[in-house]
Amino acid sequence: MGDDEELTYSDAGVDIGASEAATAALVSAVGDSEGDYAGLLDIGDRYLALATDGVGTKLLVAEALSDYSTVGIDCIAMNANDLVAAGVRPVAFVDYLAVDEPDETFAEQVGEGLAAGADEAGVELVGGETAVMPEVINGLDLAGTCAGLAAKGDIFEGRAEPGDALVGFRSSGIHSNGLTLARKAATKSHDYDDAFPGGGYETVGEALLEPTRLYTHLLEPMRDHGVRGAAHVTGGGWTNLERLGDNHYVVDDAFEPQAVFEFVQSEGNVSDEEMHRTFNMGTGFVAALALEDAEALAEATDGHVVGRVEDGGGVSIRGLEL
């Protein structure tokens, strides 16, 4: 690929269409389960909810910089935020660390990050597993499962309605999605320890390692203000709004993207559409609720009204139709 050619997520090695097809095949084989962002198990008057996720190729940035101190926060956040999107309070977390060879230094750093993330999310670390698999793993992989509890009346219905408003909440940066594309773009002309040109970070690697923001503090305000459904803006970028039902999502006042997104787009010559289909672009969480309640939710939190829900389909943002 020439330097002036446009880089896509597929070019970087991740085919979203193939990934979605594989996921659909897996779901069809094991059977449907209740819940979207979290699996819900009816235990009488409450639901037990479970979410599982990992950190992805962000670990390769951590490995290159020999700095694993924040990836544990990412692991907690990617799971806990999914529970919050379902209307569930996260309560406990277990981690799974797979390595090609044991190393006390990075294990300690990973543990420190997990502890920090658990403290911020208000969850208990109740166990975990470290597996040494030199013939399977090259380096390490970190994933986990978060458990939560919710009264049946507290679960979000998960569907927006035309006329609803969309309240968005700022991300901290790239979070833990799209790093395969971000890494390929960032390293076309830079090393991870090069100075970051956008300001706010000392190095390119530090900008990419900014940990995923936790949104557990939003749960009670969202319940209090009648949120119908929420979207954790992760893999697939802004198309995650479509998980709130077959509507047209018009986003006309999103948070401005952080400098790291401009850097990735410029270095990789990535199109606007590809950026918004891959990354959160500055907004990491979105709630849908009645228009008359939206400003009150925004004032009670650190969010603001970013758009609205209309009849139709797709997502409109910054002149793009996703």
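**Sheets, rings and a charge in a predicted model**

The charged end of Lys152 sits over the ring of Tyr47, at 5.7 Å from the ring's centre. This contact, like everything else described here, comes from a predicted model. Aromatic rings also meet one another: the count of aromatic pairs comes to 6. Ring pairs tie Phe169, Tyr215 and Phe285 together as a cluster.

Now for the sheet. Here 5 strands line up as an open sheet with mixed pairing, and their order is 1-2-5-3-4. Strand 1 (39–42) and strand 4 (124–132) are found at the edges, and each has a single partner strand, so one side of each goes without a neighbour in the sheet. From one strand to the next, the twist averages 20°. Inside this arrangement, strand 3 (residues 89–99) pairs with strand 5 (residues 140–151) in the antiparallel sense, over 10 bridges. Take Arg89 as an example: its bridge partner in strand 5 is Leu149. Helix 5 (residues 104–121) lies across strand 3, strand 4 and strand 5, and runs at about 170° to strand 3.

Further along the chain comes strand 8 (residues 248–251). In a regular strand, side chains alternate between the two faces of the sheet. In strand 8, His248 and Val250 point one way while Tyr249 and Val251 point the other way, and all are buried. Strand 8 runs antiparallel to strand 10 (residues 304–310), joined to it by 4 bridges, and Val250 has Arg308 as its bridge partner in strand 10. With strand 11 (residues 315–317), strand 8 pairs in the parallel sense over 3 bridges; there, the bridge partner of Val251 is Ile317.

Note on methods. Residues numbered from 1 in each chain as written. Predicted model: local features only at pLDDT ≥ 70, side-chain atom pairs only at ≥ 80, totals over all residues. Heavy atoms only, no water. Pairing = 2+ DSSP bridges. Helix = DSSP H or I, 4+ residues; strand = E, 2+ residues; numbered from the N terminus. Axes fitted to C-alpha atoms, helices over the stretch in contact; angles between N-to-C directions. Contact = heavy atoms within 4.5 Å. Phe/Tyr/Trp six-rings, centres within 6.5 Å; stacked < 30°, edge-to-face > 60°. Lys NZ or Arg CZ within 6 Å of the ring centre and 35° of its normal. Buried < 20%, exposed > 50% of the residue type's maximum accessible area, 1.4 Å probe, protein only.
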